Amino acid sequence: MSKRYWNQYQKEIADDRYFYERSCIRQSFFPGSEAAFLKILREELGKDIHDDVNQHTCTGIGYHSDVVPFETTMTVVARLFSLMTQAGYENYVPSCVTSFGVFTEIVETWKEQPALLEKTRKLLKETTGREFNIPKNIVHPSDIIYKFRFELRDRMKYRLVNRYTGKPLKVVEHIGCHYAKIFPKHGVGNAEFPYVLAGMIEAWGGEVIDYPERRHCCGFGFRQYLVQQNRGYSLANTQKKFESMQPYEPDFILTNCPGCSMFMDKWQYVIAEMENKTYDKDGYGIPVLTYEELAGLLLGYDPWTLGLQLHQVQSERLMDKIGIPYNKNEKFKGVSGKLLPYPEKPEHLKV
Amino acid sequence: MKDKKERPGERRTWSLLPKALRPRIEVQTQEERPVVAIIGAGPAGMEAAIQIARQSCQVLLFEANADLALNLQNKYKLFPDMSDAQTLAQGMMLALEHPLITVYRQTPIKHVVQVENFHWQVFTEDNRVFKATAVLLCTGYEVFDARRKEELGYGIYNGVITSLELENMFKQEHISTLTGDSPKRVVFLQCVGSRDEKVGNRYCSKVCCVTAVKQAIELKRMHPETEVYVFYMDLRMWGKGFEEMYRVAQEQYNIRFVRGRISEAAGTFDGGVQIKAEDTLIGKPLKMRTDLLVLMLGMEASCGTKQLAKSCGIVGDYGFAGSLDPHLNDNHTHRKGLFLAGTCKRPMSLTDVIADARSAAMEIINYLSKQ
């Protein structure tokens, strides 16, 4: 990564006092990630981060699917900003990369077209009686983890090193399109060679893999997936990425977008069941982690509290390589302490 | 005191300094010959110097670098006749050995100032001052910095090189990949930094199309077994012999021309480069592995051109120097006694640069005869 120009593209990332907005789909698919992020910020870094109980959708998926009109999206976003204003915060941190894209797009639009800002203020006031300030700083949570990656490293129990070989783990990083492709200036490292995840991997001892289809779509792409007839395109895109990264034998994949995490994880199961094809040499697939899960694992958090058992591709082999202990018997133990039913095993993908 | 009538580019603040600190003025007016200061000793500056000296005028030729005609010396063969660039450069340098031409190497010029009677003073970076009756700017161009097109991976993937680097390989007569092997496939990409709104250069650099054809032919002559592709927007074969070269490239050398822009380059597992493009003639996306991707770099105004054009108040489009008009006064500026030649005005071929330098020399001789 030393040849990359990411250091020419830095962004302002607020130091403290964040207003956190949760993602619609992350809580379903990666339920431990957001809790881990809040814990890391509060307990490891000592930051003030507000998790508002009245928050709601940003309409991102509906907006990008042309279901929700832009005026509606602006007004819904304005309501979220009004919650931030009411709570007394100025730094907005949306968990989802698509939300991050929606917010940056709307704020940039308001800068260019002040009349739309006034219209939105009027609509929000008429419909809810609320007012709002535009955030001073909008960053993605991965920006914050990136900013404090060295401080976190100093608190981590584990490194991204294969304990059997002593070599750095080989990591594929995948950035959500809406992180930097809409506004490259809002991404650490810009759109072509983003560094936000690569910076974490390198700081925590791993090696970033640069493979030919690194910049290719993860397979979500909204219309590819949401329109059922197009799902073949979604699968084909993900497959293209896996075919491309396979020769490098990555130990795991790190993402910062809910869609990317989900599709790169779940489509491995689909490809395995359809084609009897997996992209690691032992038939287990390549684990896909969120950056919060990775940070939590290296900090020594319990992998089952992080929710790793809910991924399609399981992470025990990765934890073995790093040397992270885990209790097999508690893998499917619920919060109540009772064991949950074991999921059915796939026919081809080993778990 | 600042002269209220001072024009853009005139700087006389040094006159406020104590005498001991003032720049040393070197008067070069032996035998009262008119003196012409030429800034930039590339092909334009050298050719103009030769022509002006032949008309019995004294020439002061300033060059910022130690070597003259650096851009020309970086070339191997010249289109369209494949003549040797070094031979041409050496011939021009030999002709500079004229009793009325004084060459100042490693002498960057800070600014030029018009003084009384439309005479000029030329200030060097090391605080020397030269007087001249006329000044000719030949500060030329520099190639586009390919790193600005990040999606093409220059400086990141070893298989991505520039047209200049390939030219240097031709000079060494050794074309190879990083592993030392002969390339099995080479892809050229046109218009890198030209005709590109994203980088702010909407203009055509004029010479890249034919340079790619020339380099592709040279490559096939050295390595007939290498597959060569040229990706283009449209090929502008405007000069004498250019269209013929393009035809020869296709018919005799089997060089394949693809109409399409490369959107992305990435490194491959085996050290090559993967490119993605759209073949717009068949309307299909295309993905290809190549050993070398050659970026045909466009021209931009050099730092010297930008700096002097700004200080003289003659900035044209895209930082190049602006002439009085493009038809009858293309060597003139709106500053009396300040002339332009070559690629400090816009991208030009070497043939056009030399013709333009001769034109500027004639305009300057006419100007001096009326002083």
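**Entry 1: chain B against chain A**

I began with the contact between the two chains, which takes 18 residues from chain B and 17 residues from chain A. The model is a predicted one, and I read every value below as computed from it. I looked up the area next: chain B and chain A bury about 1500 Å² between them, with 45% of it on carbon and sulfur atoms. On the side of chain B, I noted B:Glu150, B:Ile156 and B:Phe269 as the residues that lose the most area to chain A; together they make up 42% of what that side buries.

I then went through the polar pairs. I found two salt bridges counted between chain B and chain A. I looked up the one formed by B:Lys276 with A:Glu213, where the closest N and O atoms are 2.4 Å apart. Residue pairs in polar contact between chain B and chain A number eight, with both residues at pLDDT 80 or more.

Which elements of chain B give two or more residues to the side that touches chain A? I listed strand E16 (262–267) and strand E17 (273–279) of chain B. E16(B) gives the largest share of that side, four residues.

**Entry 2: the two domains of chain B**

I took the bounds from the domain assignment, which gives chain B a domain 1 of 13–140 + 302–369 and a domain 2 of 146–299. I noted 33 Å between the centres of domain 1 and domain 2 of chain B, taken over C-alpha atoms. For the contact, I have 17 residues of domain 1 of chain B touching 26 residues of domain 2 of chain B. These two domains bury about 1700 Å² between them, and carbon and sulfur atoms give 70% of that area. I looked for the main contributors in domain 1 of chain B: B:Tyr76, B:Phe79 and B:Tyr318 supply 38% of the area it buries against domain 2, more than any other three residues.

How many salt bridges are counted between domain 1 and domain 2 of chain B? I found one. I also looked up the salt bridge of B:Asp352 with B:Lys206, whose closest N and O atoms are 4.0 Å apart. Three residue pairs are in polar contact across the interface of the two domains, both residues at pLDDT 80 or more.

**Entry 3: a sheet in chain A**

I turned to an open sheet of four strands in chain A, with the order E6-E5-E7-E8 and parallel pairing. Strand E6 (207–208) and strand E8 (288–290) of chain A are the edge strands, each pairing on one side only. I checked the pairing of strand E5 (residues 170–174) with strand E7 (residues 252–255) of chain A: the two run parallel and are joined by four bridges. A:Glu173 has A:Leu254 in E7(A) as its bridge partner.

I looked next at the helices on this sheet. Helix H10 (residues 196–203) of chain A lies across E5, E6 and E7 of chain A and runs at about 160 degrees to E5(A). Helix H14 (residues 291–299) of chain A packs on the sheet and touches E7 and E8 of chain A, its direction making about 85 degrees with that of E8(A).

**Entry 4: salt bridges**

I noted a count of 46 salt bridges over all chains. I picked out A:Arg215 with A:Glu192, the closest N and O atoms being 2.6 Å apart. A:Arg215 lies in the loop between E6 and helix H11 (223–226) of chain A, and A:Glu192 in the loop between helix H9 (177–180) and H10 of chain A, so the pair ties together parts that are 23 residues apart in sequence.

How values were computed:
Residues numbered from 1 in each chain as written. Chains lettered and ligands numbered in written order. Predicted model: local features only at pLDDT ≥ 70, side-chain atom pairs only at ≥ 80, totals over all residues. Heavy atoms only, no water. Pairing = 2+ DSSP bridges. Contact = heavy atoms within 4.5 Å. Axes fitted to C-alpha atoms, helices over the stretch in contact; angles between N-to-C directions. Domains from an automatic or database assignment. Buried area = accessible area lost by both parts, 1.4 Å probe. Salt bridge = Lys/Arg side-chain N within 4 Å of Asp/Glu carboxyl O. Polar contact = N/O pair within 3.5 Å; in protein donor to acceptor, adjacent residues only side chain to side chain.
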